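This report introduces a structure to a reader who has not met it before. Please look at the sequence and the model first; the description follows.

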Amino acid sequence: MHPLLERAKKVMPGGVSSPVRAFLAVGGEPPIVARAKGAEITDVDGKTYVDLVGSWGPMILGHSHPEVVEAIERAVRDGLSFGATCEREVLLAEAVLSRFPWADKVRFVSTGTEAVMSAVRLARGATGRDRVVKFEACYHGHADSMLVKGGSGLATLGIPSSAGVPKALAELTEVLPLDDEKAADELFAAKGREIACVIIEPMPANSGLLVQRHSFLAHLRKLTRQHGALLIFDEVISGLRVAAGGMTEITGLDPDIVTLGKIVGGGMPVGAYLAKDELMTRVAPLGPVYQAGTLSGNPVAMAAGLATLRLLEDRNVYRELDARGAMLQRGFERALERYEVTGSVARVGSVLWLSLQKGPPPRAWHQVDPSGAQIYGQIHRNAMLNGLWMAPSAFEVAFVSLAHGPEHIEAATRAFERSLEALRR
Ligand SMILES: *Cc1c(COP(=O)(O)O)cnc(C)c1O
């Protein structure tokens, strides 16, 4: 074991600050990172990899984009934290709202978890109802109400999926299957009057990439409205990634609250939630829903987000990201074919998922074949040896950035081919 990993394990649980980084799902040693630039990431021993994780989503421009780094350096010289509103915060709020024109106001927080937790509190505060509905396979951060899984059956009372989540709280979270209008209808018929909100990743990308039908998302919009419940689109991954206005723009649906994270901070810790005035006036200091943060709107983080959003203003960037995503998809699919490994690549723009099962990529968790995970572990270990850093879990997606040129995509494809070849031996 690397001596630094050994030391990390002595002082941090699993040697990490976030569980998936420990590589437990794939085996092998997680490298300790020294630096990252563009499409590449380098470990403390000087080994460089083509990076398909992109810090799990934020690095849409690639690592250490010079304009973002410069904006941060300028901000640092002006002070690290004020505990008061700053100009960069106002500019970032304007830049965010220009991409979600139906929303009137945005509140900044420091993580996606915090954005979701606050959005759910706002939904409960605004409706005076306690129940929330989430979907199986969707991840919304680690707030207590969201760390809940369904039991067997269609619409089920939530049970905690983590120790430390009170049963009484988990029971207020209902868990539905994706891609299933009937289950949602039944739940609303039974408990519609108690439901504060439905929260969904409109592009579920935390348990594979489970692309939803537009008609399913539209049905949720209609159903929530009929029953006086709010609809939250958790766009922490998809917002600013698949289009400037995320899935909200792509679907043309109008959720009541949108949560953002990842890209909005350009690699620094920022989350946000946005909505119309009718809801946002209920947030403190204007209204009774309390939510605050010592480091919220942090000037250095705001600078990183602002520089990133400015570089994403040119709408061609999304066409470009889509083209690069398509190129990687073709490369990986050809490799699967060539080495006769069952699978396909699900993709939305620059977000890709290797689905190691027969047939079209699944839309719901019960359609996912868990046996793909074992093969994936072997592919992952070989890919790392071949200089390709893939997500250390079969059910995490890959992200392509604007720094991924054809040379990186070809290198990634070759490394992937070599790891499939090793799989066959
Ligand atoms: C990453 C993620 C979160 C949590 O964000 P953190 O910044 O890790 O707290 C919430 N929702 C979705 C959809 C995510 O992908």
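The buried residues of helix α11 (buried meaning under 20% relative accessible area with a 1.4 Å probe, protein chains only) are covered by elements that include α10, β14 (344-348), β15, β16 (388-389) and α13 (406-424). Cover here rests on contact, that is, heavy atoms within 4.5 Å. Helices (H or I, at least four residues) and strands (E, at least two) are DSSP runs, numbered from the N terminus.

This is a predicted model, in which local features need pLDDT of at least 70 and side-chain atom pairs count only at pLDDT 80 or more, while totals for chains, interfaces and linings use all residues. Residues are numbered from 1 along each chain as its sequence is written, and side-chain values use heavy atoms, with hydrogens and water left out.

**Helix α11 and strand β15**

Among the buried residues of α11 are Val317, Tyr318, Leu321, Phe332 and Leu336, together with Arg324 and Gln329. After α11 comes Glu340, which has a positive phi near 55 degrees. Strand β15 (residues 351-355) contains Ser355. Ser355 counts as buried because its relative accessibility is 0%. Leaving aside residues up to four places away in sequence, Ser355 touches Gly343, Ser344, Pro361 and Pro362.

**Helix α3**

The buried residues of α3 are Glu89, Leu92, Ala93, Ala95, Val96, Leu97 and Arg99. They pack against β4 (105-109), β12 (257-260), β13 (271-275) and α10 (299-311).

The table sets out the two helices, with the expected span taken as 1.5 Å times one less than the number of residues.

| Helix | Residues | Expected span | Distance between end C-alpha atoms |
|---|---|---|---|
| α3 | 87-99 (13 residues) | 18 Å | 19 Å |
| α11 | 316-338 (23 residues) | 33 Å | 33 Å |

The end-to-end distance agrees with the expected span for α3, and likewise for α11.

**The ligand**

Residues around the ligand, each with a heavy atom within 4 Å of it, include Thr111, Gly112, Thr113, Tyr139, His140, Glu201, Asp234 and Lys262. The shell divides into 3 nonpolar, 6 polar and 3 charged residues. A polar side-chain atom of Thr113 lies 2.6 Å from an oxygen atom of the ligand, and a polar backbone atom of Gly112 is 2.9 Å from a ligand oxygen atom. A nitrogen atom of the ligand is 3.4 Å from a backbone N or O atom of Tyr139. The ligand taken alone exposes 380 Å², of which the protein buries 83%.

How values were computed:
Buried means under 20% relative accessible area, exposed over 50%, partly exposed in between (1.4 Å probe, protein chains only). A polar contact is a pair of N or O atoms within 3.5 Å; within protein, one must be able to donate a hydrogen and the other to accept it, and residues adjacent in sequence count only if both atoms are side-chain atoms. Accessible areas come from the Shrake-Rupley method with a 1.4 Å probe; for residues, only the protein chains shown count as cover. Ala, Val, Leu, Ile, Met, Phe, Trp, Tyr, Cys and Pro count as nonpolar, Asp, Glu, Lys and Arg as charged, and the others, Gly among them, as polar.
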